[in-house]
Number of protein chains: 2
Amino acid sequence: MNTPKYIKIKEVDNVATTVISIDKGTEIVDGILANSPIPQGHKIALTDIPKDGEIIRYGVVLGYALNNISKGDWINETMLVLPTPPDIHNMKYGVNVKHKLPISPVTTFEGYRNPKGGYGGTRNILAISTTVQCVTGVLNVAVEKIKRELLPHYKNVDDVVAINHAYGCGVAINAPDAVIPIRALKNLIDNPNFGGEVMVIALGCEKLTVDKLLNEVDITPENIIVLQEQEGFEAMIAAIVSMADHKLRRLNDRRRETLPLSELCIGMQCGGSDSFSGVTSNPSAGYASDMLVQAGATVMFSEVTEVRDGVHILAERCLDEKTMKKLENEMKWYDNYLEMGNVDRSANPTPGNKKGGLSNIVEKAMGSIAKSGTSPIVEVLSPGEKPSKKGLIYAATPASDIVCGPMQLASGITLQVFMTGRGTPYGLAAAPVVKVSSRTDLKDMWKDLIDVNAGVIATGESSIEEVGTELFHFIVDVASGRKQTWAERYKLYNDLCIFNPAPIT
Amino acid sequence: MNTPKYIKIKEVDNVATTVISIDKGTEIVDGILANSPIPQGHKIALTDIPKDGEIIRYGVVLGYALNNISKGDWINETMLVLPTPPDIHNMKYGVNVKHKLPISPVTTFEGYRNPKGGYGGTRNILAISTTVQCVTGVLNVAVEKIKRELLPHYKNVDDVVAINHAYGCGVAINAPDAVIPIRALKNLIDNPNFGGEVMVIALGCEKLTVDKLLNEVDITPENIIVLQEQEGFEAMIAAIVSMADHKLRRLNDRRRETLPLSELCIGMQCGGSDSFSGVTSNPSAGYASDMLVQAGATVMFSEVTEVRDGVHILAERCLDEKTMKKLENEMKWYDNYLEMGNVDRSANPTPGNKKGGLSNIVEKAMGSIAKSGTSPIVEVLSPGEKPSKKGLIYAATPASDIVCGPMQLASGITLQVFMTGRGTPYGLAAAPVVKVSSRTDLKDMWKDLIDVNAGVIATGESSIEEVGTELFHFIVDVASGRKQTWAERYKLYNDLCIFNPAPIT
């Protein structure tokens, strides 16, 4: 099979990206020769582009040429001027609502029914929540003991997870933006993977009091241990272990049941992206997402700074005005948040993204939104908010991988799909993370970290539909407990970095 | 012995605080009866105070009476109006520089000489730094393996610590305020407790590139592992374990030596404070601090919002104009930081502080600055900055315990003294934390968490000088490895919460 040398996405594009690294003089396409060596995944000019001329990929203006560019030139991040971001105040909604989606081959998964109602779980985990970081040292010692001494006796429980976080005290708890971390920590407790059990370790003098974290019905001595009420360290450990034993016993009685896919809620994220992400891994994730949505499942995608430059495209897919307005408001909030910090959306992308051929945030955004597929957007969530609808949902979170993950967990995802081009060993303790590579080179190098390889799309060995369908089945298998992700197998868990835009006092 | 019922600090004070809980009708002092039950550590009015009248403790106006207050009334946090904060633009410096300090009974400690020069270490720890949170999952697995398989063979090494943090990518790396976390992470690597060894795990595509984190001389293949260059998970673990083995071998050759106290650098912090903190634990910590400074040691104290209301008092103790100006600038920066978040210094204190009798941030601040003793302030540091002088130093950090600790570690402390009234099991993996209780009740309850009890000062059983001297000796013993703190013994370690005021993208 002949591997194509380049990928041109839309007919109007005046650049293509290289599938492999190209030597100087290589003929890319009829009559266009590379004027210099071009690294894998980078852009080559298909026409002469004059100074200030548009540089077009995805059919979208990525930026304007800083100087004259000749046909065959390598275009990198130093050669573009960023366009102004799309105006968020005059967006159209409902003009691109597509209801014809790829048919899902299965309609159920084997999950844990949620005793609180709502989405089912993909794992059966005892989560021990905390009001404040101060209790972390004691809790970690207790969790180690619980895992060593108790967990082996409860074969139906997958894990014990301490919900440690940096929030809870030493923060301006009444600052307007404090609503974000508080909502996230509150909703996190209800994640379906935690089986409806509530167990909270508090200190006793913190600002994030138990009544801010829990619903009134859950505020009982059976659910809460206050360290300041315990007679020293040994007593604290004994109390935590004893409560955990009680909770584990209940969780251990749970069994997987056949649930409709409408009880599955997953998240999509990408990190360490490259220029292949937008043509291989993200569109196939989008295809899998469309199949899931078609079957009634809920799929969230996120990352404000990585959709900001394509937000008008998302607005057109919003089902109604309310959804579009919420999208507008979340973008507005974030624009202001960045402005207060004296930065703008150009603070993203990373050096690795650029090395991978992504010249700026416009190009990154176009690739990023590909993971949302083509389904209508039924709801927009503020960071850490819970959904009220099923289908494709935009959950506004930072683009930072390690913050987006925990915030999607707070919104209720029970599995995450993570697309990567440069490669990251990212994982979450509270939900399995399926990792999809944008390049075959990465899968070849990280055989024991990448679950699904979408790089075969770039080389012409497979199609978006084929990889998307493979990914769909893998998601359902992992959700059903039939398969484990690599990150799960090795227990690669990142810290729970909750988004806190409020000041630290 | 007759326990006193109240503590009045300064002659001009028109309130006193109760040493124990008081029944209604109890005679506090000649002719003054409690008009209601008063909880332990709370304020009682010693005179009638009219509406808008000054409420004075520590000789300082804590606030103004919201309504008329009668002699014998319980004064709690709902009854005061906060005064305007001290003007930072017209502070005097050098007018209260005290050189007569309590004589230190010893002048040396047994520490680890620093191969990089500067302060010696109190512990011999292998720190494995990270550029970015993405590597945390892999690193944690590797550290567990290193502790299990390697550490037992290196008897002279105390521990292996992963410097995990939430910073490094997904942040606006060029935001003006990003200088704070970057400086902190960079300086943390040089903490004397890490013995001059540099070991960094990077991902490869992050914003916090290795050259931002390390000095040029340290950027070598012997010090850095880039996960994206490794052939999968197993190879990553093997590489980390192998590099750690090499570093552990070198650290294992180190031995404690007799070092002058001028090579000791410690930090002071308080958390979960109550109204006793300012009259028992903090002044005795201040006394110990004065002895250490007299012997040539360096002592840092911190917590911007908890000195803001006493900053004019600190300015008077600054040795020179430059130091006072830096103090002014740090306060100004923080005032602005809080204002941008739509809060002010009243966001501190916590509910627990209030329950412990601290009515507002002025009262908390007066107690907080007591831990700085009476020594002249020779230098003021921005968050995470390294000192250039020896003696008493104000290291401007947030008051949040879990942020102040890591930021003081970045500034180079090798031991921390932590005063608490309500009680917190706080600890740091990178340096021993000595915990001092402000109340005997807390020590009685938390026998296996509190190292030194200053509550005996309130009951008249001991004096500030006596407890201060006891604490001084305990600090030197722990620094010398002759004693362990409770938190060390149980391995109670908080997460490394680095201060990041820059936006998350």
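## Surroundings of helix H10(B)

In this predicted model, the buried residues of H10(B) pack against helix H2 (179-188) and against five strands of chain B, namely E16 (265-270), E17 (298-301), E18 (377-381), E19 (392-395) and E20 (416-420). These buried residues run from Asp401(B), Ile402(B), Val403(B) and Cys404(B) through Gly405(B), Pro406(B), Met407(B) and Gln408(B) to Leu409(B), Ala410(B) and Ser411(B). Because 11 of the 11 residues of H10(B) are buried, the helix is largely enclosed by the rest of the structure. Just after H10(B), Gly412(B) adopts a positive phi of about 110°.

## The interface between the chains

Helix H10 (401-411) of chain B also contributes to the side of that chain that touches chain A. Across the interface, 73 residues of chain B are in contact with 74 residues of chain A. The elements of chain B that give two or more residues to its side include, besides H10, helix H1 (136-150), helix H4 (233-252) and helix H7 (321-340), together with helix H8 (351-355) and helix H14 (486-490). By residue class, this side of chain B divides into 37 nonpolar, 24 polar and 12 charged residues.

## A four-stranded parallel sheet in chain B

Chain B holds an open sheet of 4 strands in the order E12-E11-E13-E14, with parallel pairing. Its edge strands, each pairing on one side only, are E12 (159-163) and E14 (224-226) of chain B, and neighbouring strands are turned by 20° against each other on average when direction is ignored.

Within this sheet, E11 (residues 125-130) and E13 (residues 200-202) of chain B run parallel and are joined by 2 bridges, with Ser129(B) standing opposite Val200(B) in E13(B). Helix H4(B) lies across E11, E12, E13 and E14 of chain B and runs at about 145° to E11(B).

## Strand E19 of chain A and the nonpolar core

In chain A, strand E19 (residues 392-395) pairs in the parallel sense with E17 (residues 298-301) over 3 bridges, and 4 bridges join it to E18 (residues 377-381), again in parallel. The bridge partner of Met300(A) in E19(A) is Ile393(A), while that of Val380(A) is Tyr394(A). Leu392(A) and Tyr394(A) point one way from the strand and Ile393(A) and Ala395(A) the other way, yet all are buried.

The largest nonpolar core has 346 residues, and those with the most contacts inside it are Ile128(A), Ile266(A), Leu292(A), Ile475(A), Ile128(B) and Ile475(B). Leaving aside residues up to four places away in sequence, Ile266(A) touches Leu292(A) and Ile475(A), and among its other contacts are Ala297(A), Val299(A), Ile413(A) and Val417(A).

Note on methods: Residues numbered from 1 in each chain as written. Chains lettered and ligands numbered in written order. Predicted model: local features only at pLDDT ≥ 70, side-chain atom pairs only at ≥ 80, totals over all residues. Contact = placed C-beta atoms within 7 Å. Nonpolar A, V, L, I, M, F, W, Y, C, P; charged D, E, K, R; others polar. Core = buried A, V, L, I, M, F, W, Y, C linked by C-beta atoms within 7 Å. Buried ≥ 20, exposed ≤ 12 C-beta atoms within 10 Å, placed from the backbone. Pairing = 2+ DSSP bridges. Axes fitted to C-alpha atoms, helices over the stretch in contact; angles between N-to-C directions.
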